[in-house]
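User: Could you zoom in on the core, please, and then work outwards from there? Informal is fine.

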Amino acid sequence: MSTGVALLNFGEPERPTRETVVDYLERIFYANADIEGETTEAEARERSRQLAQRRAPALIEEYEEIGGSPLQSHADAQATLLERELRDRGYDVTTYVGMQFTEPFIEDAVERARSDGVEQLVGLPIYPLCGPSTTVAALEELTDAIEAAEWDVDVSELTGWHRHPGYTRARADNVRSFVETQGLSLEGDARLVFSAHGTPQYYLDEGSRYVEYVEEYCEALAAQLGVDEYELGYQNHENRDVDWTEPSIERVIETVDADRVVVEPVSFVHEQSETLSELDVELREEALEAGLDFYRVPVPYDDEQFIDALADLIEPFTGGFEPGYYNLRQCQCRDAPGAFCLNSPRTR
Ligand SMILES: C=CC1=C(C)c2cc3[nH]c(cc4nc(cc5[nH]c(cc1n2)c(C)c5CCC(=O)O)C(CCC(=O)O)=C4C)c(C)c3C=C
Ligand SMILES: [Fe+2]
């Protein structure tokens, strides 16, 4: 059977013109309009436009500073490597990249898979830590696009996958090798600092387990690295007057008791403005002002172990065996048939 894997991603404009960046931001703000309370569609659209226009200049500056976002090229490279790995394992698989907020959109990925004659589609959001505005929203879009295309295809979905042992090992080995190359010691005077993408308190109040996932993941990663003491901070987007996850990464950097910090960006599986600008430029400056040497672990987006872990997640669907055999169970965050994750409790 021919399988399509839709790799669902966030997206970042490749060319940061004012028009593309405003449109991009407007889509993001509109998709998250609920966090400011109930509103009409017209009000939400107007508010999203205003927020996008206000935020755009600073984001354009970030893109200019880093010479454009590499997200699209990293996502394409990942898709190619995953397809190759699954084909090497003997499966008839094609991968399709679909973005939530830039082209190629999720509906474009669906259209390409359909015209290629895919018989089975697996939706894999490239967010290891399941959250409502990323993982769940991306899969809702996938369902909507399939329905809009009136495509009768067998669909499976994968939500949270940070507990995959191969993934955790890949990230731990990546941190270890970075620390070694830099001549640092995490047990000595360099403090390990995990930086996670933040989320508005609204989503946590609505039942999202995102923070639990972040915390347990950091604990597991630190344990694999043999590190007892570490810090965790959140990269928040404070464009609206709403509460976000605490402590912010800036606060952590201000208060950490160390000579140097090694920052591991746990929410990210590509380099993008959040890593190359927010961390490497802005946070580095704050760290230096606080008297800290600053090191940031590169994201292992094309690492062989990481790609193998992604292939393992897809394998039950291409191999035709019971997903539960690999501990994949019905997702609690996405209440849809065929939505599996590694986070759900065992029922027996
Ligand atoms: C490629 C870029 C981005 C990734 C990956 C990403 C991941 C990510 N985002 C959230 C939660 C939210 N992000 C929100 C806004 C937002 N996110 C990005 C970029 C990425 N996020 C941008 C450019 C923006 C726009 C705001 C800004 O200041 O730049 C929001 C909405 C906030 C709102 O006020 O509407 C949420 C929610 C998570 C959990 C996550 C996980 C990896
Ligand atoms: Fe975000």
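Analyst: Two residues are in contact here if their C-beta atoms, placed from the backbone, lie within 7 Å. Ile 314 is a good place to try that out: skipping neighbours within four places in sequence, Ile 314 is in contact with Val 5, Leu 86, Val 122 and Leu 124. Ile 314 and Leu 124 also turn up, with Ala 6, Leu 7, Leu 142 and Val 214, as the residues touching the most other members of the largest nonpolar core, which has 96 residues. (Such a core is a set of buried Ala, Val, Leu, Ile, Met, Phe, Trp, Tyr and Cys joined through C-beta atoms within 7 Å; buried means 20 or more other C-beta atoms within 10 Å, exposed 12 or fewer, partly exposed in between.)

Bear in mind that this is a predicted model, where local features need pLDDT of at least 70 and side-chain atom pairs 80 or more, while totals for chains, interfaces and linings use all residues. Residues count from 1 along each chain, with chains lettered from A and ligands numbered from 1 as written.

Now for the ligand. Ligand 1 is surrounded by 23 residues, with Phe 10, Asn 32, His 197, His 237 and Ser 267 the closest (the cut-off is a C-beta atom within 6 Å). Helix 1 (18-31), helix 2 (41-65) and helix 5 (132-148) each give the shell at least two residues, and helix 1 has the largest share, three. (Helices are DSSP runs of H or I, at least four residues; strands are E, at least two.)

Ile 28 also sits in helix 1, and it counts as partly exposed because 19 C-beta neighbours fall inside 10 Å. Its C-alpha is 30 Å from that of Leu 328, 300 residues away along the chain.

Moving to the loops, Glu 150 follows in the one between helix 5 and strand 4 (154-158). Glu 150 has a positive phi, about 50°, without being a glycine, and is exposed because just 7 C-beta neighbours lie inside 10 Å. Asn 327 is another non-glycine with positive phi, near 65°, in the loop joining helix 11 (304-319) to strand 9 (329-330); with 15 such neighbours, Asn 327 is partly exposed.

Then there are the cis peptide bonds. Glu 103 and Pro 104 share one, omega about -5°, and Pro 104 lies between strand 2 (93-99) and helix 4 (106-115). Glu 246 and Pro 247 are also joined by one, omega about -5°; Pro 247 is in the loop between strand 6 (230-235) and helix 9 (249-255).
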